[in-house]
Amino acid sequence: MKIERIELYHVAMPLIYPWRTAYGEDAAIHSVLCRMISGSVEGWGESTPLAAPCYSPEWAGGVFHTVSEWLAPAVIGQEFESGDALQTTLSLYKGNSFAKAALDNAWWSLHSRMTGVPLHTALGATRDEVPVGADFGVMDHLDDLIEAVGTAVAEKFPRIKLKFRPGWDVPMLQAVRSAFPDDTFHIDCNSGYRLSDVTLFQTIDEFQLAMIEQPLQHDDLTDHRELQKLIQTPVCLDESITHPYRAQQAVDLQSCQYVNVKPGRVGGLTNAVKIHDLCQQAGIPCWVGGMLESATGASHCAALAMLDNFTYPADIFPSEKYYREDLAEVPLSLSVTKDGVPGVKAFSELPDPDSQRLQSLTIQKKFISS
């Protein structure tokens with residue numbers, strides 16, 4: 001299909017409650033949305049690198065300019081019959097995974113609509129629903145966290161993820177585990193520690209966590225390998241996996257026992273499927289992460305999560321948890337899976353942004369035509 005027009009929107013979506021992690025705090029989620037048009041059909045992609053280059057080296061303002069000045073002009077007017085073909089063209093430009101993901105995700109949405117094949121099916125999924133977990137950032141008070149976790153446990157979320165950083169670490173974990181001794185938890189360190197903190201992580205072994213997500217530096221593989229040798233709790237890599245090649249290195253080095261896959265962080269759905277496949281061949285389970293996307297981007301994450309090797313409950317959140325009003329026309333809501341736990345079902349139609357909300361939340365925009 002020929003890409004005839006690309007529209008880019010840098011948006012800021014206000015959160016109900018600030019999202020606090022080891023790398024900082026966000027009061028609004030900054031995303032770049034891409035509308036890709038071929039003939040009379042359009043597809044939308046969303047990439048959410050956040051406002052500042054703290055989660056990764058990329059940030060929404062930079063992604064907007066990278067796509068508008070370099071990537072979009074490289075693909076406009078060209079025909080692409082596969083995500084691989086698009087990625088080959090984009091490979092001239094080094095790194096910039098979130099920027100590439102805006103185009104790649106839009107291409108898959110466009111492809112799904114032009115072929116009439118649901119996105120999850122087009123990606124290779126055999127399921128049409130997946131379980132999801134509950135996530136909690138750093139809160140003002142520990143009592144607030146205990147109350148929130150209690151609600152998630154009562155709602156039968158199959159696992160709970162806790163943000164973990166200096167000052168919100170072992171005492172927090174002790175309080176949560178004491179209140180909920182039998183439930184499945186894991187912690188997400190967002191690169192907040194170093195290998196010299198190994199004693200801390202050996203202490204954490206006693207809490208019987210499902211995993212420790214990205215404990216060490218954001219671009220590291222070798223220190224994670226050493227840490228995994230020294231602790232019992234499985235290590236999960238997130239920020240370190242930015243491309244299928246990096247995932248293959250992690251597998252070869254035995255740097256982790258789980259891989260978190262976020263379409264934005266790895267360059268889009270095309271690369272996300274490749275990472276899923278190579279981890280499946282290596283016997284390493286995966287799960288789909290989220291960046292607090294609107295329902296437009298979260299629907300892509302949901303479709304991806306339905307592939308077979310995404311076996312740990314995904315980070316896909318109902319719109320109402322973080323946004324008073326989702327940017328998308330149709331908000332994302334949870335349902336109950338056949339196993340009786342919260343989950344998401346495949347979208348019969350991918351949700352586009354609401355035009356009025358898009359206009360009100362847009363910081364900058366640019367249109368590129370062939």
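By class, the lining of the largest pocket in this predicted model holds 16 nonpolar residues, alongside five charged and three polar ones. The volume of this pocket comes to about 540 Å³. Its lining is made up of 24 residues, and those closest to the centre are Asp135, Phe136, Ala148, Lys321 and Tyr322. Four elements each contribute at least two residues to the lining: the strands β1 (5–21) and β5 (134–136), and the helices α5 (142–154) and α13 (319–322). Strand β1 gives the largest share of this lining, with five residues.

A second pocket is worth a visit too. The second largest pocket has a volume of about 260 Å³, and 16 residues line it. Nearest to its centre lie Gln87, Ser91, Lys100, His243 and Asn271. Two or more lining residues come from each of α2 (83–90), α3 (97–115) and α11 (269–282). Of these, α2 supplies the largest share, three residues. Here the lining divides into nine polar, four charged and three nonpolar residues.

Stepping back to the whole chain, the secondary structure consists of 14 helices and 14 strands. The radius of gyration is 20 Å, close to the 21 Å that the globule rule gives for 370 residues, so the chain is as compact as a globular protein of that length. Along the principal axes, the C-alpha atoms fill a box of roughly 60 × 40 × 35 Å. Of the 370 residues in the chain, 58% are buried. Among contacts with a separation of 6 or more, 71% join residues that are 24 or more positions apart. The chain exposes about 14500 Å², and 50% of that area is supplied by carbon and sulfur atoms.

Strand β1, already met at the largest pocket, offers two residues for a closer look. Glu7 has its place in this strand. With a relative accessible area of 5%, under the 20% cut-off, Glu7 counts as buried. Beyond its neighbours within four places in sequence, Glu7 is in contact with Leu33, Cys34, Arg35 and Ile37, and also with Lys366 and Phe367. His186 stands 179 residues from Glu7 along the chain, and the C-alpha atoms of the two are separated by 39 Å. Thr21 also lies in β1. Thr21 is buried as well, at a relative accessible area of 1%. Once neighbours within four places in sequence are set aside, the contacts of Thr21 are Lys163, Arg165 and Asn190.

Two loop residues round off the tour with their backbone angles. Most residues other than glycine have a negative phi. Leu50, however, has a positive phi, near 80°. This residue sits in the loop between β3 (41–47) and α1 (60–75). Leu50 counts as buried because its relative accessibility, 4%, is under 20%. Ser191 likewise has a positive phi, in this case near 65°. The loop that holds Ser191 runs between β7 (185–188) and α7 (198–204). At 13% relative accessibility, again under the 20% cut-off, Ser191 is buried too.

Technical notes: Residues are numbered from 1 along each chain as its sequence is written. This is a predicted model: local features need pLDDT of at least 70, side-chain atom pairs count only at pLDDT 80 or more; totals for chains, interfaces and linings use all residues. Side-chain values use heavy atoms; hydrogens and water are left out. On a 1 Å grid over the protein atoms alone, a cavity is a set of points where a 1.4 Å probe fits but cannot get out, and a pocket is an open set with protein on both sides within 12 Å along at least five of seven lines; lining residues have an atom within 4 Å of a point. Grid points are joined across faces, edges and corners, and a volume is the space filled by probe spheres set on the points. Ala, Val, Leu, Ile, Met, Phe, Trp, Tyr, Cys and Pro count as nonpolar, Asp, Glu, Lys and Arg as charged, and the others, Gly among them, as polar. The radius of gyration is taken over C-alpha atoms; the globule rule is 2.2 Å times the number of residues to the power 0.38. Buried means under 20% relative accessible area, exposed over 50%, partly exposed in between (1.4 Å probe, protein chains only). Contact means heavy atoms within 4.5 Å. Accessible areas come from the Shrake-Rupley method with a 1.4 Å probe; for residues, only the protein chains shown count as cover.
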